[in-house]
Structures are given as C-alpha cells and as structure tokens.
Amino acid sequence: HDPSAVAVAGSSSAEEMVSLLVQAGLFDTAISLCQTFKLPLTPVFEGLAFKCIKLQLGGEAAQAEAWSWLAANQLSSVITTKESSATDEAWRLLSTYLERYKVQNNLYHHCVINKLLSHGVPLPNWLINSYKKVDAAELLRLYLNYDLLEEAVDLVSEYVDAVLGKGHQYFGIEFPLSATAPMVWLPYSSIDQLLQALGENSANSHNIALSQKILDKLEDYQQKVDKATRDLLYRRN
C-alpha cells in the first residue's frame with residue numbers, strides 16, 4: 001500500500017465522520033477529530049451556527065432536543081436553569097469556540113457571520129463586537145454583500161470615530177490619529193461602494209440622510225488628518 005494513499009483515504013473518511021458528528025451535535029468530538037487529521041474547523045463552526053439558527057427560529061421541541069446534544073459538549077458548565085434557554089447555551093458554546101480556536105484571517109468568525117446573514121438572522125451583539133475588534137473592514141464588506149446598508153453606515157461612523165480616538169479600543173486600534181501615531185487607513189473602496197448603494201435609491205429620504213451622515217464623518221476625518229499632518233510637519237521642522 002502507498003502510505004500517502006492510505007492517508008488520503010483516512011482523511012476523506014475523517015471528513016465524513018466530522019460531518020456526521022456535527023449533525024449529531026457532538027462538536028467537541030468533531031473538533032478533536034479535525035485536530036488529529038489537521039482538518040480545518042470550518043464545518044464545525046458552520047454546523048453549530050446552523051443549529052443556533054434553527055434554535056432561534058424553532059419552537060419548544062427544538063429546545064428540548066437541543067439539551068441532549070448540548071450536554072455532550074464540555075461547556076464550562078451547562079446551565080440548565082429556567083433563566084438560560086437551550087438557544088442561549090448554543091450561542092454560548094459558539095462564542096466559547098470562537099474565543100478558543102483562533103486562526104489567521106479570522107476565518108471562523110467570517111464563516112459564522114456569513115452563515116447567519118445568509119439565513120437572514122440578525123447578528124448577536126457579542127459577535128459583532130468580537131469581529132469588529134479584529135477585522136472591521138471585512139465586517140463592512142459582509143454587510144454590503146447582504147445589502148445591510150444601515151448597519152454598514154453605523155459601522156463606518158463608529159470606525160471613523162474610533163480612528164479619531166473615540167472608542168478606538170473597541171476596534172483594536174492601538175493608537176488613534178495624532179501627529180505622532182502611525183496612520184490608520186479607512187476602507188475607502190467599501191465606503192465608496194456603500195455611498196454608491198445609498199445613491200442608487202436617491203428618492204429615498206432615509207438613504208439621503210444616511211449618505212449625508214457618512215459624508216459628514218469623512219469630512220471631519222479629513223480635517224483632522226490635515227491637522228495631524230500639519231502638526232507632524234511642524235514637529236519635524
């Protein structure tokens with residue numbers, strides 16, 4: 001037997017097994033198997049996100065059924081009190097995994113958010129907050145992909161404020177704009193795309209107001225960049 005052929009056969013059946021474990025809600029076991037075979041955890045995150053969606057939209061039967069698979073995963077403590085629903089616990093498990101299994105490019109955050117938005121499920125605040133801290137520009141692109149213009153405007157507005165020093169810690173910006181700090185660039189191509197999308201329905205007064213909000217923010221940003229640049233040149237001379 002060719003050892004590499006055996007390895008390939010092993011990993012393809014491992015992928016099938018991961019898929020079955022995910023369907024059964026045995027996420028901890030699925031993760032262990034992925035780690036053994038060096039497989040990405042994407043199907044685990046997508047599967048758990050989908051279970052969260054079904055719980056969010058489902059009735060009491062879905063809640064009752066969920067407790068059995070939730071108990072099979074090692075949450076620090078599964079809280080089976082009246083205050084905490086199975087839906088809450090499923091989200092908590094997802095949040096724990098995202099915190100524990102971090103990868104380059106924040107791939108797992110991205111795949112979870114994509115899954116939720118593709119099913120029209122609003123993003124929980126904890127998920128928005130954890131993603132904007134690591135990749136606000138990509139969150140903006142995801143909002144644009146799903147035509148969530150109002151959310152996109154709010155995000156751009158908060159991001160500009162953060163770059164200028166108001167709430168910068170929520171975006172993982174170490175040094176806000178000043179004469180001594182390195183420049184923080186805005187995701188201009190996505191902002192242009194957003195303004196274009198808002199402009200396509202110019203009869204909509206709400207869209208006009210949203211466009212104006214962005215333009216005012218950008219003007220404020222530009223003035224402060226100009227001032228910081230002048231201060232920097234002054235310090236150098």
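A salt bridge here is a side-chain nitrogen of Lys or Arg within 4 Å of a carboxyl oxygen of Asp or Glu. Keep that in mind for the exercises below, and remember that this is a predicted model.

**Exercise 1. Check the pair Asp 231 and Lys 227 against the salt-bridge rule, then place the two residues.**

Solution.
- Start with the distance: the closest N and O atoms of Asp 231 and Lys 227 are 3.0 Å apart. The cut-off is 4 Å, so the pair counts as a salt bridge.
- Next, the location. Helix α10 (residues 205–236) holds both Asp 231 and Lys 227, and they sit four residues apart, about one turn of the helix.
- Finally, exposure. Asp 231 has a relative accessible area of 31%, which makes it partly exposed. Lys 227 is partly exposed too, at 45%.

**Exercise 2. Glu 89 forms a salt bridge with Arg 92. How are the two residues separated in helix α5, and is Glu 89 buried or exposed?**

Solution.
- The closest N and O atoms of this pair are 3.1 Å apart.
- Glu 89 and Arg 92 are three residues apart in helix α5 (residues 86–100), so about one helical turn separates them.
- Now look at the surface. Glu 89 is buried, with a relative accessible area of just 2%, whereas Arg 92 is partly exposed at 26%.
- For contrast, try Lys 102 and Glu 99: their side chains meet in a salt bridge at 3.1 Å, N to O, and both residues are exposed.
- The full count by this rule is eight salt bridges.

**Exercise 3. Which residues other than glycine take a positive phi, Lys 38 and Asp 147 being two to check?**

Solution.
- Lys 38 is not a glycine, yet its phi is positive, about 55°. Find it just after α2, in the loop between α2 and α3 (42–57).
- With a relative accessible area of 74%, Lys 38 is exposed.
- Asp 147 also has a positive phi, near 60°. Its place is the loop between α7 (125–145) and α8.
- Asp 147 is exposed as well, at 55% relative accessible area.
- While you're around α2 (residues 27–36), have a look at its buried residues: Phe 27, Asp 28, Ala 30, Ile 31, Leu 33 and Cys 34.

**Exercise 4. Which residues make the nonpolar surface patch of about 350 Å², and where does Met 183 lie?**

Solution.
- The patch is made by Met 183, Trp 185 and Tyr 188.
- Met 183 lies in the loop between α8 (149–163) and α9 (188–199).
- A patch residue needs over 30% relative accessible area. Met 183 reaches 37% and is partly exposed, so it clears that bar.

**Exercise 5. Where is the pLDDT lowest and highest among the elements, and how far apart do the centres of domain 1 and domain 2 lie?**

Solution.
- Take the chain overall: mean pLDDT is 89, and 90% of the residues reach 70 or more.
- Going by element, helix α1 (residues 3–24) has the lowest mean, 74, and helix α6 (residues 107–118) the highest, 97.
- Then zoom in on residues 1–8. There pLDDT stays under 50, and the model gives this stretch one contact beyond four places in sequence.
- As for domains, the assignment gives domain 1 (14–101) and domain 2 (147–236). Their C-alpha centres lie 37 Å apart.

Conventions:
Residues are numbered from 1 along each chain as its sequence is written. This is a predicted model: local features need pLDDT of at least 70, side-chain atom pairs count only at pLDDT 80 or more; totals for chains, interfaces and linings use all residues. Side-chain values use heavy atoms; hydrogens and water are left out. Patches are made of residues with over 30% relative accessible area and no salt bridge: like charges are joined within 9 Å, nonpolar side chains (Val, Leu, Ile, Met, Phe, Trp, Tyr) within 5 Å. Accessible areas come from the Shrake-Rupley method with a 1.4 Å probe; for residues, only the protein chains shown count as cover. Buried means under 20% relative accessible area, exposed over 50%, partly exposed in between (1.4 Å probe, protein chains only). pLDDT is the predictor's confidence in each residue, from 0 to 100. Contact means heavy atoms within 4.5 Å. Domain bounds come from an automatic or database domain assignment.
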